[in-house]
Amino acid sequence: MKRYIIKRLFAAVITLLGVTFAVFLTVRLIPGDPAVVVAGPMASAEEVERIRTQLGLDRPFLEQYGTYLSRLIRGDLGVSARTQQPVLREILARLPYTLELALVSGALATITGVAAGVIAATRRYTLFDYLASFGTLLGVSMPVYWLGLLLIVLFAVRLQLLPAAGADEPASIVLPALTLTAYSVALVARMTRATMFEVLEQDYVRTAWAKGLPLRRIIYRHALRNALVPIVTVVALQFGALLGGAVLTESVFAWPGIGLLLVDSIFARDFPMVQGIVLIYSTMIILLNLGVDLLYAYVDPRIRYG
Amino acid sequence: MRPLKSMRVVALAVVLVAALLLSACSGGGAAPSGSSGEGSDSSAGGDKTFRIAVGIDPDTLDPAGMTTTTVANMVDYIVETLVKIDKDGNIQPGLAESWQVAPDGRSITFKLRQGVKFHDGTPFNAEAVKFNIERILNPEVRMPLRASYAVIQSVEVKDDYTVTLHLKEPAPYLLGALTYTAAGMISPKSVNEHGNSMTTYQHPVGTGPYVLKQYTKGSQLVLEKFQDYWGEKPYYDQVVFQIVPEAATRESLLLAGQVDMIILPPTSDIPALQKNPKVKVLLAPSDRTIFVAINTQHPALKDKRVRQALNYAVNKEEIIKNVLFGAADVMDAPMAKPLLGYCQTGPYPYDPEKAKQLLQEAGATNLELKFVTPTGRYLQDYQAAQAIANFLQQVGVKTTLSTMDWPTYTATVQVPPEQATVQLHILGWAPTFMDAQQQMLQFTKDNHPPKGLASSYYTNPRVEELVAQANREVDQAKRQQLYCEAARIIWEDAPWIFLWVQRFPIVHSAEVTNISYLPNEKFDAIYARPVQ
């Protein structure tokens, strides 16, 4: 087990290194001179040159990358080109908003998704099953952007029940969280339904039926418990997708998380900030995957690590 | 072993779900961790808080760092300038009560208002002015608009309330430049406080009617009334700028009554908002000219008859009515009306027959041009470009229209003439201060890319001469005449397809009043108050 963990950690570090290089390369391939963008439309040529030197953009690519890495190792993500503030500080100030949104939506999606999946699996081909399939299909196919605006028009403008945007009061999270939940509940429900299906076909469930155990007991004590491993995996991975889905949701609802910051920074050609955010995103997703793998190996005796 | 394992799975799952639930419950409350305290404060204030939704998160709150009008507009609540502009673009006293330009134009002396205090209690005086002017000239301070002030040679304190700026050469545009937020007066003491320094200035302390209370990045800027303000006190105790990037969301916030005012609603919703009795729409005149820059160095476009033909070919009224929903006025000069130096030189009426005839005379049949436009940078820019391409097609000018994101776009069009890949591109030009000197940056050789942003590469020796003369002319009447003459030549030479002067849409709740505008795309809502 220990060797396996070390191996997986090592792989995670390599992946992260690959990510830093890919991002570093990509942002530099985007046309548009960041020095010009940062300086603003009325800046003189000298001012632009000064900013270019200040940002280190006048040096060769590999040298820039090397400097970036050596700083990174010391935990220094650089200084934002747009705001002149340390990247890490800006990200940390806004990360809690994104995590909170993802956690709330994740919890909602898990509860409703698992419940819907279980019911659909036990009542196969009934009206509920069809409705659940239709609902989840609608959930995945409705663009976040469109759904978000619909919710705003309904709950904020028409009914005047909820805040339309921002994050100044507890109720502010409701609409963005609902939007994001719709996006991921479908996958959890479908996965739960499929897994439950499979488990309900197993011999021991049939034995339980034969013994005349009550339905509730069969489903919760026997079937769901064994279906949980893949469901936990999906939920955990879904969390990564939620972090990504938050980019659009945050823009629509003016939710001040790192998704919104990422969009702003891309438009402002704020290289250090874009790199920093992508790095944080990647780290979180790599850690999630690592966690899931380890959890998997831990809980399922059939999985051998080596 | 097996039951134990399963128990672990369940336990883990329970812990996971519990953790999610817990975070969900506490999350809601902890959400605005930074701002919740202030948030509830402001709602307790009830009707004494004025909320404005804007689209842009400040990159900096240092007045010297200003390049974005919306951000400058917010900072204007906190920091004031020596002179101000009014609704019509005229220069008015601000922190300076009066000023005197020396007969040779090489110095300006300001008499300062007395009894003015900065928010930190320190007095505003001639020393403070000297400190501020020297700061914006200091190359260590990041100041994108420094070029407009570089003409200042030194600052002399005559007495506590008299200060003289000595100039390298006469610069009649300087007063205009001093109205811009970048020249706003900050407390000298404040550069060593609140985490500020000379070069990084994040917490502005000025003399304005509102004090910066709190800024939550990406979310909101909260201002509080300054009790010792020297001028007329505003009505609202608190002003909150809420940062909402999506235009449709801003509109919803206003319609839901969650903010009192927004800028830039979705353009296509303007007619509906105008009919809605709950809100008022202000289509404020601005100084932003929108045009199609013509690459005047391109072989097919060197002949001015061709460029004039393009001007006659486009029905601007029609586009303003149907595509911009009335939010613009047709250009009748190469600059907007509020600018000092403006005189009417146009128009180019819609006349496709004349356009065809001019193209024929110039031998420019079968023209094929590359045409690019940004999307979402200016009101309905892409939609307008499609309409323009269609009008050009009707006189036999074929265009291939494409669009790209803004940084890519500027990288494509702001290149030296020999690297130009497109022949037509849409651009907006909004002088930061109301002077023709600013507009003429678009028509002089010194400002051809890469040095400047005059991306039509237009030059005319006579215009160069007139502009150079006007930029130094001390006699304002004579100056006006020189710019006007230059403008007439530019109009005739048609380096642009002159389109329209964009209006700046401001929408506010019908329950508030006293909301106005400034001609440089700023709103003026400091003295907003509820309708009686």
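Which helices of chain A and chain B each supply at least two residues of the lining of the second largest pocket? There are three to look for: helix H3 (45-54) of chain A, plus helix H13 (436-439) and helix H14 (461-472) of chain B. Keep in mind as you look around that this is a predicted model.

**The pocket and a cavity**

Let's stay with that pocket for a moment. The second largest pocket holds about 1,100 Å³ of space. Its lining is made of 37 residues, and those closest to its centre are Ala147(B), Gln437(B), Leu441(B), Asp446(B) and Asn447(B). H14(B) gives the largest share of the lining, with five residues. Sorted by class, the lining of this pocket has 18 nonpolar, nine polar and 10 charged residues.

Now for the enclosed spaces. How many cavities of 30 Å³ or more are there? The count comes to five. The second largest cavity has a volume of about 50 Å³. To find this cavity, go to chain B and pick out its lining: Asn295(B), Thr412(B), Val413(B), Val415(B), Ala420(B), Thr421(B), Val422(B), His425(B), Ser455(B) and Tyr457(B). Five residues of that lining are nonpolar and five are polar, with no charged ones.

**Salt bridges**

Over all chains, a search of the whole structure turns up 24 salt bridges. Here are three of them, with the N to O distance for each.

| Acidic residue | Basic residue | Distance, N to O |
|---|---|---|
| Glu90(A) | Lys217(B) | 2.5 Å |
| Asp493(B) | Lys304(B) | 3.9 Å |
| Glu353(B) | Lys356(B) | 3.7 Å |

Take the pair of Glu90(A) and Lys217(B), whose closest N and O atoms are 2.5 Å apart. This pair crosses between chains: Glu90(A) sits in helix H5 (residues 87-122) of chain A, while Lys217(B) is in the loop between strand E8 (210-216) and strand E9 (220-225) of chain B. Is Glu90(A) buried or exposed? Glu90(A) counts as buried, because its relative accessibility is 5%. Lys217(B), on the other hand, has 25% relative accessibility, so Lys217(B) counts as partly exposed.

Next come Lys304(B) and Asp493(B), whose side chains meet in a salt bridge. Here the pair links distant parts of the chain, with Lys304(B) in helix H8 (residues 304-313) of chain B and Asp493(B) in helix H15 (residues 476-493) of chain B, 189 residues apart. Asp493(B) is buried because its relative accessibility is 9%, whereas Lys304(B) is partly exposed at 33%. There's a further partner here too: Lys304(B), Glu492(B) and Asp493(B) are linked in a network of salt bridges.

The side chains of Glu353(B) and Lys356(B) also meet in a salt bridge. Why are these two separated by about one helical turn? Glu353(B) and Lys356(B) are three residues apart in helix H10 (residues 352-361) of chain B, so about one helical turn separates them. With a relative accessible area of 53%, Glu353(B) is exposed, while Lys356(B) is partly exposed at 34%.

**A nonpolar patch**

Back on chain A, there's a nonpolar patch to spot on the surface. Phe21(A), Leu25(A), Leu29(A) and Leu62(A) make this patch, which covers about 400 Å². Helix H1 (residues 2-29) of chain A gives the largest share of the patch, three residues. Leu25(A) is found in helix H1 of chain A, and Leu25(A) counts as partly exposed because its relative accessibility is 35%.

Key
Residues numbered from 1 in each chain as written. Chains lettered and ligands numbered in written order. Predicted model: local features only at pLDDT ≥ 70, side-chain atom pairs only at ≥ 80, totals over all residues. Heavy atoms only, no water. Patch = residues over 30% accessible without salt bridge, like charges linked within 9 Å, V, L, I, M, F, W, Y side chains within 5 Å. Areas by Shrake-Rupley, 256 points an atom, 1.4 Å probe, with all protein chains shown as cover. Salt bridge = Lys/Arg side-chain N within 4 Å of Asp/Glu carboxyl O. Helix = DSSP H or I, 4+ residues; strand = E, 2+ residues; numbered from the N terminus. Buried < 20%, exposed > 50% of the residue type's maximum accessible area, 1.4 Å probe, protein only. 1 Å grid on protein atoms, 1.4 Å probe; cavity = no way out; pocket = protein on both sides within 12 Å on 5 of 7 lines; lining within 4 Å. Points joined across faces, edges and corners; volume = space filled by probe spheres on them. Nonpolar A, V, L, I, M, F, W, Y, C, P; charged D, E, K, R; others polar.
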